[in-house]
Amino acid sequence: MRLYLGVFALLATVHCEELFNGDQVLRIQAEYESHIEVLKELEKNVDWGELLDRERGVMLHNAEMKSRAKGFNFAAYHNLEAIYSFMDTLVASHPDLISKVKIGSTYENRSMFALKFSTGGEKKPAIWIDAGIHAREWVSHASAVWIADRIATDFKENRAPVPSLLSKMDIFLMIVANPDGYVFSHISPRPFHRLWRKSRSVTSNPNCPGVDLNRNWDAEFSGPGASDDPCGEDYRGPSAQSEIEVKNIADFITSHGNFKSFMTLHAYSQLLMYPYAYNGSNAPDQPELVKKSTSINL
Ligand SMILES: [Zn+2]
């Protein structure tokens, strides 16, 4: 029996160091019922309020460090403003490779940006990567920031496989797919809102705003794993692509017309998931997906 304890990741983040360099998610194999009881006790004893307060303190500390060092700290969490500023700096440093594409605005009228990595050519086959559709999964945003810098650096230093990949394909990387939720998870005065997952749109229940954007796609909408209750963490929204953030991404991909791959980064657990999630059938390219996914060392 395996238990995946996200709690340890958070504990590590706040107790070990001020940055999350080297922190780990621990996968624990419980052999006996008594082990499970111990783990349950451990989880019960976590003071979430204290943990979140300490994480907030670390954020402030990192922001101070950044302004003193005038650099970008890849081992820290950053707010939306800092991430958007990082994107501008990256574009300015690599103008021949990277551009910033605005694909629309959010429910609360924030801009939605993707970084386009391209060596030229019109509508080349393209790869889409996004992160942070679930607002609270801050490490997915941080991972996307790092990926952006890594693509730029590897291209500049001619390090395989990035140059050959970019000679054939464009990469679009959206670091913050749910800007409203992300900002809310940073600024809400209620500590528990650090764990906000959804968007911030008004729903049919005035007490329960927000839609789980990852349940709002026009793909098996309203199928298993999605809720029709606006108060649910996995509320799917009133109809497929009812949410402007999802519609913006879907419209961009559809109008481009030459995307070959769509990847999305989440946090929690160490899984590489591929189609189909909604039933037991294999995708047409199942053997290749298995081969690729099992060759990755997580
Ligand atoms: Zn997620």
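The following exercises, each with a worked solution, examine a predicted model of a protein.

**Exercise 1. Overall composition**

Determine how many helices and strands the protein has, and what percentage of its residues count as buried.

*Solution.*
Step 1. The secondary structure consists of 9 helices and 7 strands.
Step 2. The protein has 298 residues, and 24% of them count as buried.
Step 3. Contacts may also be sorted by sequence separation. Among contacts between residues at least 6 apart in sequence, 62% join residues at least 24 apart.

**Exercise 2. The order of strands in a sheet**

State in which order the strands of the open sheet are arranged, and which strands stand at its edges.

*Solution.*
Step 1. Recall the general principle: strands of a sheet pair through backbone hydrogen bonds, in a parallel or an antiparallel manner.
Step 2. Here 5 strands form an open sheet, with the order S3-S4-S6-S5-S7 and mixed pairing.
Step 3. Strand S3 (98-105) and S7 are the edge strands; each has a single partner strand, so one side of each is left without a neighbour in the sheet.
Step 4. From one strand to the next, the twist averages 20°.
Step 5. Individual pairs may now be examined. S3 and S4 run antiparallel and are joined by 7 bridges; within S4, Ala114 stands opposite Val101.
Step 6. S4 and S6 also run antiparallel, with 3 bridges between them, and Leu115 has Leu173 in S6 as its bridge partner.
Step 7. S5 and S6, by contrast, run parallel and are joined by 5 bridges. Asp130 stands opposite Met174 of S6.
Step 8. A helix also meets the sheet: H8 lies across S3, S4, S5 and S7, and runs at about 125° to S3.

**Exercise 3. The two faces of strand S6**

Decide whether S6 is mostly covered or open, and which residues lie on each of its sides.

*Solution.*
Step 1. Count the buried residues: 5 of the 5 residues of S6 are buried, and the strand is mostly covered.
Step 2. Recall that side chains in a regular strand alternate between the two faces of the sheet.
Step 3. Assign the residues to sides. Asp170, Phe172 and Met174 lie on one side, while Ile171 and Leu173 lie on the other.
Step 4. These residues are all buried, and both faces of S6 are therefore covered.

**Exercise 4. The largest nonpolar core**

Identify which residues have the most contacts inside the largest nonpolar core, and which element gives the most to this core.

*Solution.*
Step 1. The largest nonpolar core has 43 residues, and Leu173 and Ile175 have the most contacts inside it.
Step 2. Several elements each supply at least two residues of this core, including helix H4 (80-93), strand S4 (111-117), strand S5 (126-131) and helix H6 (162-168).
Step 3. H5 gives the most, with 7 residues.
Step 4. Consider the surroundings of Leu173. Leaving aside neighbours within four places in sequence, Leu173 is in contact with Ala114, Leu115, Ile129, Ala144, Ile147 and Ala148.

**Exercise 5. Helix H2**

Establish whether helix H2 is close to its expected span, and how many of its residues are buried.

*Solution.*
Step 1. H2 covers residues 33-44 and has 12 residues.
Step 2. From its first C-alpha to its last, H2 reaches 17 Å, close to the 16 Å expected at 1.5 Å a residue.
Step 3. The number of buried residues in H2 is 0, so the helix lies largely in the open.

**Exercise 6. Particular backbone features in loops**

Locate two residues other than glycine with a positive phi, and two cis peptide bonds.

*Solution.*
Step 1. Lys123 has a positive phi of about 45° and lies in the loop between S4 and S5. Lys123 counts as exposed because 10 C-beta neighbours lie inside 10 Å, and the cut-off for exposure is 12 or fewer.
Step 2. Ser222 has a positive phi near 70°, and is placed in the loop between helix H7 (179-187) and helix H8 (244-256). With 12 C-beta neighbours inside 10 Å, Ser222 also counts as exposed.
Step 3. Ser222 and Ser239 are 17 residues apart in sequence, and their C-alpha atoms are 8.4 Å apart in space.
Step 4. The peptide bond from Ala160 to Pro161 is cis, with omega near 5°; Pro161 is in the loop between H5 and H6.
Step 5. Pro275 and Tyr276 are likewise joined by a cis peptide bond, with omega about -5°. Tyr276 is found in the loop between strand S7 (259-265) and helix H9 (286-294).

Key. Residues are numbered from 1 along each chain as its sequence is written. This is a predicted model: local features need pLDDT of at least 70, side-chain atom pairs count only at pLDDT 80 or more; totals for chains, interfaces and linings use all residues. Helices (H or I, at least four residues) and strands (E, at least two) are DSSP runs, numbered from the N terminus. A residue is buried if 20 or more other C-beta atoms lie within 10 Å of its own, exposed if 12 or fewer, and partly exposed in between; C-beta atoms are placed from the backbone. The expected span of a helix is 1.5 Å times one less than its number of residues. Two residues are in contact if their C-beta atoms, placed from the backbone, lie within 7 Å. A nonpolar core is a set of buried Ala, Val, Leu, Ile, Met, Phe, Trp, Tyr and Cys residues joined through C-beta atoms within 7 Å. Two strands pair if DSSP finds at least two bridges between them. Axes are lines fitted to C-alpha atoms, for helices over the stretch in contact, and angles run from 0 to 180 degrees between N-to-C directions.
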